[in-house]
Amino acid sequence: MFTPHQAAQAYAHAFDLFARLYRHGLTPTLVTEAAQIPDLAAVAPQPYDADEAAAAFHTLFAMNVFPYQSVFLDPDGLLGGGETDRVRAIYRRMGFVVDEANEPADHLAHELDALAFLCQAEAEAWEDERWDMAARAQQLQANFLDEHLLRWLPALVAAVQRQEEPFYAGLAELTLALAAERRRSLGPGQLRVLSVRNEEIPLALRSRLNGAGDALNLALADELPAQRVERLLANPQTDLDAIAAFLLTPAYSGLYLSRRDIGRLGRAAEAPHGFGERRQMLRTFLRSAAEFDRFGAALAGLRNLVEDTAWMLRRWGSETVSLSTVQPWLERLSATRRLLETLEAMSPSASEAVKL
Amino acid sequence: MTDQSKINRLLSALLSRNSDVRRTSKGEDGFGLPEFASTDLKPEPAPMTIVHHPDGRMSQYPPVEKWDDWVEWDGKLWPQRVARRYMLIPTVCFNCESACGLLAYVDRETLEVKKFEGNPVHPGSRGRNCAKGPATHNQTYDPERILYPLKRVGKRGEGKWKRVTWEEALSDIAAQMRESRLKRRDGIVYHVGRPGEDGYTNRCIAAWGVDGHNSHTNICSASARLGYALWSGFDRPSPDHANARVILLISSHLETGHYFNPHAQRIIEGKMAGAKLITMDPRLSNTASMSDLWLPTWPGSETTVLLAIANYLIQTGRYDRRFVRRWVNWRETLAAIRDGKLNLGDPALQAEIAGLSFPLGDEDFAYFDRALKALYQEFTFERAAEEAQVPVERIRQAAEWIADCDGRLAAHVWRAASIGNLGGWQVARALFFLNVLTGSVGTRGGTSGNEWNKFVPKPFASPPGPEAWNELHFPIEYPFAHYEMSFLLPHFLEEGRGSIDVYFTRVYNPMWINPDGFMWLKALRDESKIKLHVALTPTWSESAWFADYVLPMGHGGERHDLMSQETHAGQWIAFRQPVRRVAMEKLGRKVRYTYEANPGEVWEENEFWIELSARMDPDGSLGVRKWFESPYRPGEIITVEEYYRWIFENSVPGLPEAAAAEGLTPLQYMRKYGVFEVKRENYTPYEKPALAGKGVEVDGERKVGFETPSGKLEFFSETLYNWGWPEREYTIPWPLKSHVHLDNIDVQKGEMVLLPNFRLPTLIHTRSANAKWLYEISHKNPVWMHPSDAERIGVKTGDLVRVTTEIGYFVDTVWVTEGIKPGVIAMSHHLGRWRLQEDLGVNPGMSALARLEEDEEGRFKLNYIHGARPWKSFDPDTERIWWEDVGVHQNLTHAVHPDPLSGAHCWLQKAVNVRKADPGDRHGDVWVDTNRSMQVYREWLALTRPANRFSPDGNRRPLWLKRPLKPQVAYYKLPKVAISRNGQDGHEVAQPVIAKAGQ
């Protein structure tokens, strides 16, 4: 229904608008722009209040779900590591200049900007009748989507769905659909001409789970999720802190736990969850659950999260993105399921969880 | 819908959209949010002006050489790099009396003001400001500001206005002034809130030939003024906090008051250098919380506590005998004891002193020492602790520190307890007694008189004092009033004491700020009593609503004024400027009147008064015009520039030289820097040698001394004795029983003391409602209540309470806190603004919409219809008003309490009942019976000792006391037959009725 030129132009606009929404939130300027998109207009807060919107944005992306590739893919779960470097490297190769004054290169807004940049370049190539350039821009898009954005976007979108922010839940799902549709429209198969070679990636050899969870220190980057869980369970040093560290690392557990998620788990299990950073909250939660005989309930809550997330991912795998996109996440989740089941069996209060 | 079609729909929407949606922020009249131009210039590295604050901090400012052309990145657009090009124009903050320096960043192209920051070269504020300074920007771009002169159509208070030209307003008002002046010399009144300038307007009033100055002083500082004046002739303290060893505050100067920002920095400086900070306040203010010692004294007990400390110094001999011997009128005091005018309470000592041979020698000072010991021995720490309900050790500790202060006691009271209590002037007098005893008068680290630390240059020609005496301002009952009995004006009018032909309220909201506001409402509405009411104001106010003309006057960056304040031991002058006008002129554009440069047609008073006065007397026959003729162009009307040019060229020592050194004229110098330091330090000026025939003899030398009848500091006041106040509790520092003394408050019966006059550091009396940042910080004034009281009446934080005063009641929420003394409730005095019309009056986000009802018997009712609401304007922030509670207008329910001596309104209210609100009560409800108002007024009036019965010399007021615009001496004379308000005929020369010392 669109010419390739039109499509490139429209995608450039769309990625640009979405990037701005993830960068600034629903500001008074952006609310008028978002209103032109029926699916966004439908979930936009009514009535609109700029302060409320700013607060919601801050709560979501500055307090709960951190929209960075490294948070989701780096075994550190920290910003600015190997994943960020990989993103910087590909930006350089595609000629996209990123302004990292505010946010590091792997922020979702920057990645969407990079796509907008490539789509714009493609549109201009069509205008100039430079077919070769247009094809190259398309290849770069496909490559960037495969190697970067789509590798972590499903997990982020799943995490956002739980955060009780209808606008951003809608926006996130639409973002996933947009990225997936773009990838689909670029045609199947390997378009890679410019894959970053593996040896350039300072892989996660320095993996240290935020200094905690020593049992995971020997984690190998290419280990399969199931193997990792087995090793964790076999290690006599594995303690609740190591479990917490595992659960908080999406690259291992397939889960993203926000402060709000942990708070909700705490309330459901009737165990204190404390406050502070996520690691602190989850440790407090697991320790106090263990101490006050609520461990079974805590595990049950986590199991529910795993199942909900897996269900969502499977749905997207059949409707929105390719199954291969969600497959790695499903594998991580099933490893986590195995971990939780084992713990449940070991827990004296396992029977109690049945009641929940 | 499938994802694919969903995305297609999204893409279609984006392809067809109009991507250039630009909204303008300007309203129809071109007034709106400021817009700024970008420049291709880049900010260049420049050596910044670094101010090293004495507390160790540093601040950086653009260097003065670059002020005319300063390029910097626009911080709001970060991380985009957009450069702006500004002209930095200094001005002076107008949001309290401190006169701190501001630096306006004026865009060189759009001439809009980007921000106001501190002026680093200002010696008082030293580059720093409180929140109120930068909030000038809010006021400037307030969407509700008044942009054009307005004239009432319809009835007063009906809310119908039409826009008029300045020329129409000027000629109509000038004609009515002329008509009044031809008939009488007390028909024109200028009623000012905080002046924010020194002498300009007073000169105009004098030039009109009327006794027409009215102020807000008697709801502010009258009692402190009288207390200080009786000692020293100066009416205001200037503590040298930075160099003090002990700082004693009966105030909350770290957070509010005169002069909050300049003083706070110096108090902290003093503290960091080791000074002890002692605070007396029944409320745990921010200042109290920062103090080394907090004395939460029961209201009205302060004098007793201070005298207990004085007694300790006296009995232990730890006072500065040399200073007291040299500078206190002890010889006159001993003579008064000899003559039986002062009762020592020790007959043997009294007889011994009576037997001394006068004149006395220096060695006789020992008798004064003994007299002091006899007089004050009853003021023990224990007595003070009991009256104040403060642990005795704390008072003893305070006394110890003060005894060790080594002549460096910085002490201050301005409003607080002195304005709170009946007899509050004795609080200031007892406080200064400690300065006297410790020799901390005008010393480094001590307390000076304000005049020593302030500089008011003379203009080119000064009209003589008026040939009139305004009875409405200085009625016969109050010969010691400091000054005009301003808050009783409506009561006087109600009694038929007179009328006003032309009444200017200038940046003043009398109906809201004064006690007993419904009496003001009645007066302002009555066109037979106030014939023409002209409100000169930058903003809407409850009072302006009842004006005939509402004339918009500029904020801090929109007007000329010259100002100086005693912020520390030096002297400086600061020049407030209309910054856009100055920028335009520097860029080569000609501006005749400031309203051409300000938003809309907002003007400034300086030019307004010149033009008005010229029109009042076009042919010069009234003798007014000549005072407004240019010293540079004889016969022609002066310009505001010429007025200040003359002052800077002729009246400011050192300024012409400093300007010449930079190749500037004095006016250019002041336009550039906005400030000039006249003296770095000015300690103990009274010790300087006197000119021949002047001054006072001390140890065989003629010294400048003090402006009192004796030339010395007056312990015993002969003046009070002679004017009908011969009792010991008046003639020397002594406690007077407050109207809220413990004996007068029965907590068990539900009575409490309402402390209604503490300030919040971020508010500007009644102009905050135009500063969104300030209102976002503080907007409500709940009733502070101690947990024990809350428990007694059964309320918790957030509940409504009904507070019944002597004349009515109000309903407000309660805040339960241990930060207030049991038995006392407190409320900030700023809040509770209201308007009567949804879309006109005080800003909708900062006021409540109210319904006002009155019955035929003088009872008034105010009810809130709804609280603050967001509203649409060019400023998107007005749609983000998130609060509703804007406080309760408590002042309406305050009975007037004129102190019979100082004339101060004693703010503390006896809350005759405080209880949980009734089911029908709503937040903001106010009910008042103005018959009760008049009754309480009369009860207090009866406490006076009027001049017509007690004046010893046939004058209305002791000549030596200060008075704004002192009339010529002949007009001090009492009228031949004055009708006494007590029903007796007056006398040409009244004899004191109480002829003997009554003790």
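Here are some worked exercises on the structure above, centred on chain B.

This is a predicted model, in which local features need pLDDT of at least 70 and side-chain atom pairs count only at pLDDT 80 or more, while totals for chains, interfaces and linings use all residues. Residues are numbered from 1 along each chain as its sequence is written, with chains lettered from A and ligands numbered from 1 in the order in which they are written.

**Exercise 1. Describe the overall build of chain B.**

Step 1: Start with the elements: chain B has 30 helices and 35 strands. Helices (H or I, at least four residues) and strands (E, at least two) are DSSP runs, numbered from the N terminus.

Step 2: Turn to the radius of gyration, taken over C-alpha atoms, and the globule rule, 2.2 Å times the number of residues to the power 0.38. The radius for chain B is 29 Å, close to the 30 Å that the rule gives for 999 residues, so chain B is as compact as a globular protein of that length.

Step 3: Add the box: along the principal axes, the C-alpha atoms of chain B fill roughly 110 × 70 × 60 Å.

**Exercise 2. Work out the four-stranded open sheet and its edges.**

Step 1: The strand order is β14-β13-β12-β15 (chain B), with parallel pairing. Two strands pair if DSSP finds at least two bridges between them.

Step 2: At the edges stand β14 (293-295) and β15 (409-412) of chain B; each has a single partner strand, so one side of each is left without a neighbour in the sheet.

Step 3: Look at one pair: β13 (residues 276-280) of chain B joins β14(B) in the parallel sense over three bridges. I278(B) has L293(B) in β14(B) as its bridge partner.

**Exercise 3. Is R589(B) buried or exposed?**

Step 1: Locate R589(B) in the loop between α20 (579-586) and α21 (605-616) of chain B.

Step 2: Apply the cut-offs: a residue is buried if 20 or more other C-beta atoms lie within 10 Å of its own, exposed if 12 or fewer, and partly exposed in between, with C-beta atoms placed from the backbone.

Step 3: R589(B) has 12 C-beta neighbours inside 10 Å, so R589(B) counts as exposed.

**Exercise 4. Find the residues with the most partners in the largest nonpolar core.**

Step 1: Such a core is a set of buried Ala, Val, Leu, Ile, Met, Phe, Trp, Tyr and Cys residues joined through C-beta atoms within 7 Å.

Step 2: Of its 278 residues, I309(B), A310(B), L431(B) and I825(B) touch the most other members.

Step 3: Helix α16 (residues 425-437) of chain B gives the largest share of this core, ten residues.
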